[in-house]
There are 2 protein chains.
Amino acid sequence: MKKTALIMAGGRGERFWPKSRQNLPKQFLSLTNDGKTMIQLTVERILPLVHLEDIYIATNASYKNLVLEQLPGLPEENVLCEPVGRNTAPCIGLGAVHINHKYEDAIMMVLPSDHLIKYNDSFAETLAQACSVAESGENLVTIGITPNYPETGYGYIKTNKDDTLGKSFGVECFVEKPNYDLAKAYVESGDYYWNSGMFIWKVSSILTNMQHLMEDTYTGLQKIKAAIGTPDETAVLERIFPNFVSDSIDYSIMEKAAHIYLIPGNFGWDDVGSWLAVERVKGTDASNNTLTGNVVTVDSSNCTIEGHERLIATVGIQDLIIVDTADAVLVADKKSAGDIKKLLAVLRETDKEEYL
Amino acid sequence: MKKTALIMAGGRGERFWPKSRQNLPKQFLSLTNDGKTMIQLTVERILPLVHLEDIYIATNASYKNLVLEQLPGLPEENVLCEPVGRNTAPCIGLGAVHINHKYEDAIMMVLPSDHLIKYNDSFAETLAQACSVAESGENLVTIGITPNYPETGYGYIKTNKDDTLGKSFGVECFVEKPNYDLAKAYVESGDYYWNSGMFIWKVSSILTNMQHLMEDTYTGLQKIKAAIGTPDETAVLERIFPNFVSDSIDYSIMEKAAHIYLIPGNFGWDDVGSWLAVERVKGTDASNNTLTGNVVTVDSSNCTIEGHERLIATVGIQDLIIVDTADAVLVADKKSAGDIKKLLAVLRETDKEEYL
């Protein structure tokens with residue numbers, strides 16, 4: 001069966017300020033040593049399975065040019081512009097009707113655009129297994145990351161190991177971010193996986209489920225589909241899409257539908273959730289520093305420093321994140337990496353929106 | 001008696017990197033909120049006592065243009081260019097023969113160019129008292145700062161409170177930087193003062209002492225003096241000056257000569273020895289931060305941050321010094337403020353001399 005993909009690239013990624021900005025979110029940044037952006041890496045790693053012309057990018061209209069610049073060869077009509085953000089369910093619905101319009105039915109992989117994966121071969125193999133399971137029925141397949149420590153920042157998915165289908169396990173339930181003790185129990189049980197936000201299904205399967213579980217949105221999506229390729233396409237999208245209820249695909253479909261399966265993934269996944277992730281991604285030197293660009297350190301350790309053009313020079317510092325850009329430099333304690341949003345709030349309040 | 005001044009401005013001030021550079025040492029920087037540079041403030045505060053045309057600036061030839069730019073109206077011939085640095089004794093000798101050439105005899109004040117003084121009126125009064133003592137004989141007068149805590153980073157001067165002359169006390173001896181216990185005893189005794197490096201004497205007095213205590217240098221200085229105003233002036237200076245023994249005026253003269261007096265100074269003196277001094281000079285805000293320029297902080301305290309053009313944004317940091325410039329930014333722990341020289345050494349070793 002034809003394989004297609006929808007890459008979700010509408011996020012704003014405030015946690016990577018000052019490198020990420022309103023007009024340059026995380027998925028369009030390079031956070032690795034190879035210079036490739038997150039979305040470029042995302043496309044690159046599915047090209048063994050999906051032709052470029054069958055890859056759709058769902059994003060905000062203001063990022064359309066960025067997408068086309070970073071993904072040369074991608075057909076312009078494959079950039080699906082959400083008029084407003086309505087979480088993942090309407091976004092995926094929009095992708096599904098476009099693929100449905102083009103191919104009637106096909107395998108549809110849904111992938112975030114801002115995660116990193118270390119072992120691309122293993123990832124492609126897992127995806128291929130997921131495609132098999134998806135193709136063999138009305139199954140909705142997700143990839144669950146085998147947890148190797150009790151992370152409290154991720155959602156978990158509980159499987160039933162007695163219910164197998166190909167390489168996959170039946171899903172019992174989706175669970176919210178746990179506290180530490182619960183996370184520990186999850187990891188030790190062997191039944192739980194991290195929710196990666198990656199899904200594989202037939203377009204017909206997801207649309208059937210949407211028809212039953214999110215009826216209003218489904219009706220709207222059919223109107224949007226009817227306008228694809230007509231002069232009214234944009235007008236219809238802009239009229240209907242904003243009325244969709246904002247919900248995640250997990251909540252709208254995955255937690256309610258039947259035939260939910262999970263394929264375990266072991267391919268060095270990282271959601272790169274904050275500047276703290278950079279040391280995992282890039283590795284550290286003998287002083288436990290992760291230094292990029294024009295940086296000189298003296299008696300400094302356990303720091304992540306991203307230089308831009310100017311020299312960053314440090315003396316006697318520990319546990320800091322320093323990120324330089326043309327017009328702003330961030331100096332944050334690693335313990336406060338999650339508080340960058342507080343900083344952006346202050347910028348808004350103090351008439352410094354130019355830096356957002 | 002005519003009053004003249006020699007301001008010593010040859011220092012490199014590496015401790016204020018990255019704001020201070022080889023081509024812009026500390027004395028040419030503004031470290032206060034009024035935007036005036038250290039040397040401008042130094043000249044300004046003696047203008048009630050000395051005419052601008054009687055102020056001499058001893059400096060390195062490469063800083064001559066900076067001096068003339070920052071001190072408009074200063075006669076060009078008053079900028080005395082030391083061909084090489086030979087510490088304070090030859091520098092002061094050079095100033096002395098120039099003043100001797102111009103006025104035969106005069107009061108000569110010798111002042112560092114890179115200290116700050118809070119109470120200018122009180123300073124001028126102290127200087128005037130010093131001039132009286134200097135004029136009334138062959139006395140060599142220094143200003144000693146009344147210590148208000150046991151600083152271990154300064155030299156001290158011991159006085160004999162029974163030996164008074166005008167407002168001054170006889171000097172018993174100069175002592176090196178003490179350890180903490182010794183410094184504490186010095187402060188408690190009431191006999192010791194901080195060595196400020198400011199001297200007041202008649203030109204005739206200092207030259208007579210040089211003739212006896214640094215004979216070779218004195219002989220050379222007379223040759224330099226004979227060439228002043230002739231076409232050979234620069235050539236003679238450049239031939240003779242580099243041969244002078246490099247010594248401080250304290251060691252060469254003050255510790256050996258007779259008639260040494262000290263006037264206590266209580267005018268809010270600060271030698272501004274490192275970035276740590278900036279919080280004393282500029283004061284701190286409610287979070288104990290000293291912020292200058294384009295800076296936004298969240299949950300940050302006890303930091304000194306000097307912004308340049310770009311935004312400096314901090315989250316959750318404490319006890320840091322951050323200094324931004326066009327081509328380099330420093331992030332240092334306050335405890336390591338004295339280690340900036342280590343950083344400059346690394347810059348030299350790693351082919352980054354452009355930043356020195």
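Student: How many residues of chain A are in contact with chain B, and with how many residues there?

Tutor: This is a predicted model; local features need pLDDT of at least 70, side-chain atom pairs count only at pLDDT 80 or more, and totals for chains, interfaces and linings use all residues. Residues are numbered from 1 along each chain as its sequence is written, chains are lettered from A in written order, and side-chain values use heavy atoms, without hydrogens or water. Contact means heavy atoms within 4.5 Å. On chain A 34 residues touch chain B, and the number on chain B is 34.

Student: Which three residues supply the most of the area that chain A buries against chain B?

Tutor: Buried area is the accessible area (1.4 Å probe) that two parts lose on being put together, summed over both. The two chains bury about 2700 Å², 64% of it on carbon and sulfur atoms. Of chain A's part, 24% comes from A:Arg310, A:Leu311 and A:Val315.

Student: Which residue of chain B meets A:Arg310 in a salt bridge?

Tutor: A salt bridge puts a side-chain nitrogen of Lys or Arg within 4 Å of a carboxyl oxygen of Asp or Glu. Four link chain A and chain B. At 2.2 Å, N to O, the side chain of A:Arg310 meets that of B:Asp324.

Student: Which strand of chain B is joined to strand 15 of chain A?

Tutor: Strands are DSSP runs of E, at least two residues, numbered from the N terminus. Two strands pair if DSSP finds at least two bridges between them. A:Thr314 has B:Val331 as its bridge partner. Five bridges make the parallel link, and the partner of strand 15 is strand 17 (residues 328-333) of chain B.

Notes:
Helices (H or I, at least four residues) and strands (E, at least two) are DSSP runs, numbered from the N terminus.
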